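The following text walks through a structure, beginning with how its chains are arranged and going on to pockets and helix packing.

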There are 2 protein chains.
Amino acid sequence: MPPVNPKTSYPSGLDCRLAVLGRDARLTPHRRAVFQTLAESTDHPTALDLFTRIKTRSSDISLATVYNCLEHLTSNGLIKQVHLERGQSRYCANLHEHVHFHCEKCGKVTDAHPMADFDPATYWNLPKGAKVTRTDVAIHGLCPDCTK
Amino acid sequence: MPPVNPKTSYPSGLDCRLAVLGRDARLTPHRRAVFQTLAESTDHPTALDLFTRIKTRSSDISLATVYNCLEHLTSNGLIKQVHLERGQSRYCANLHEHVHFHCEKCGKVTDAHPMADFDPATYWNLPKGAKVTRTDVAIHGLCPDCTK
DNA sequence: AATTAGAACTAGAATGATTCTAAAATGATC
DNA sequence: GATCATTTTAGAATCATTCTAGTTCTAATT
């Protein structure tokens, strides 16, 4: 096994999360840009949002590459895809267990972190013998700013 | 206020739910077909599913009309739109409070009814001052048939 | 340093779900 | 039975995403 090139492989120093990737998953400038732009965003941007931000702030990139990078990062478990309504997918670099609060007026999406363990089987009658792997919770309502 | 035409207005006898509509919301044969076809379905069909079922089983209809009827029924609160993944919207005539169990293998969607009151604020740290109007819960996993 | 094989990037085409448009049909009221 | 609003329709348009196929880039090898 040849040595990993420190310049182009996902370094564990930059962000421990990036280290989970195998050595053949390259940390290209584009992937870095997509990941970092998303990590700096608190607003759950769409692919197009990220495309615009990366294009104006830093390097040139194509929309197809943004989609490729997002798919790569998602399938490697570095980021998560979020679906709140039909339409565009949104992305989220927060890997801590959390759910989403969606403001129906301004559209803002806020992460809500757990205070206690949650088991859906205590609240809903699941099919007998079903095996739960994941529970998606989306809370809709009015954010503090929009209740005024 | 002129009398309601019993033949074309949503009758309260057929299904009490249909009575919630105002008198200017007509119960056309197409709307009736879309509603009834959905009400008889347990599989959370897509607009295209409903289009095919209505077209083959009963009257002729266009896909645009299915979309129009679904939009009409949804905005009048007679049916619900369900988004489990990106892609097509699914529809559900079950208005009892419930959540959805989605089998990741066979794709089947099952309604899961509540056994206890559920307040998301006891589990997740919502933004201070936020007002919750609705909580969408989608439970993903393997259905009883697929665990075998 | 040049070669090579594979991975990543790209523009533009293609796809799939949905919405829009504008005209025709239908229904309700006058 | 005329009139006006609503519904239906086919087909065009749109929007987000994925695909295609050619090009460029990267890293290991010569």
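**Symmetry, pockets and helix packing**

In this predicted model, the residue of chain B that comes closest to the rotation axis is Val137(B), whose C-alpha lies at 2.3 Å from the axis. The axis itself comes from superposing the chains: a turn of 179° with a shift of 0.0 Å along the axis lays chain B on chain A with an RMSD of 0.2 Å. The two copies are therefore related as by a two-fold rotation axis. Both copies use the same surface, since 100% of the contact residues of chain B recur in chain A.

The pockets come next. The largest pocket holds about 1500 Å³ of space. Its lining consists of 47 residues, and those nearest the centre of the pocket are Asp136(A), Val137(A), Ala138(A), Asp136(B) and Ala138(B). Both chains take part in this lining: strands S1 (80-82), S3 (99-103) and S5 (131-142) of chain A, and strands S1 (80-82), S3 (99-103) and S5 (131-142) of chain B, each supply at least two residues. S5(A) gives the most, with eight residues. By class, the lining of the largest pocket divides into 20 nonpolar, 14 polar and 13 charged residues.

The second largest pocket has a volume of about 160 Å³. The residues that line the second largest pocket are Pro29(A), Ala33(A), Gln36(A), Thr37(A), Glu40(A), Arg53(A), Ile54(A), Arg57(A), Ser58(A) and Ser59(A). Two elements of chain A give two or more residues to this lining, helix H1 (29-39) and helix H2 (47-57). The largest share, four residues, comes from H1(A). Three of the lining residues of the second largest pocket are nonpolar, four are polar and three are charged.

How are these two helices of chain A placed against each other? H1(A) and H2(A) pack at an angle of about 110°, and their axes are 10 Å apart. Because of this angle, H1(A) is roughly perpendicular to H2(A). On the side of H1(A), the contact involves Ala33(A), Val34(A), Thr37(A) and Leu38(A), which meet Leu50(A), Arg53(A) and Ile54(A) in H2(A). The classes in this contact of H1(A) with H2(A) are five nonpolar, one polar and one charged. Ala33(A), Thr37(A), Arg53(A) and Ile54(A) appear both in this contact and in the lining of the second largest pocket.

H1(A) also packs against helix H3 (residues 63-75) of chain A, at an angle of about 75° and with the axes 9 Å apart. That angle makes H1(A) roughly perpendicular to H3(A) as well. Here His30(A), Arg31(A), Val34(A) and Phe35(A) in H1(A) meet Thr65(A), Val66(A), Cys69(A), Leu70(A), His72(A) and Leu73(A) in H3(A). The contact of H1(A) with H3(A) is made up of six nonpolar residues, three polar ones and one charged. Val34(A) is thus named in the contact with H2(A) and in the contact with H3(A).

Chain B has a corresponding pair of helices. Helix H1 (residues 29-39) and helix H2 (residues 47-57) of chain B pack at an angle of about 105°, with their axes 10 Å apart. H1(B) is therefore roughly perpendicular to H2(B). Ala33(B), Val34(B), Thr37(B) and Leu38(B) of H1(B) make the contact with Leu50(B), Arg53(B) and Ile54(B) of H2(B). Five of the residues in the contact of H1(B) with H2(B) are nonpolar, one is polar and one is charged.

Terms used: Residues numbered from 1 in each chain as written. Chains lettered and ligands numbered in written order. Predicted model: local features only at pLDDT ≥ 70, side-chain atom pairs only at ≥ 80, totals over all residues. Heavy atoms only, no water. Axes fitted to C-alpha atoms, helices over the stretch in contact; angles between N-to-C directions. Parallel < 35°, antiparallel > 145°, perpendicular 65-115°, else oblique. Contact = heavy atoms within 4.5 Å. Nonpolar A, V, L, I, M, F, W, Y, C, P; charged D, E, K, R; others polar. Least-squares fit on C-alpha atoms with pLDDT ≥ 70 in both. 1 Å grid on protein atoms, 1.4 Å probe; cavity = no way out; pocket = protein on both sides within 12 Å on 5 of 7 lines; lining within 4 Å. Points joined across faces, edges and corners; volume = space filled by probe spheres on them.
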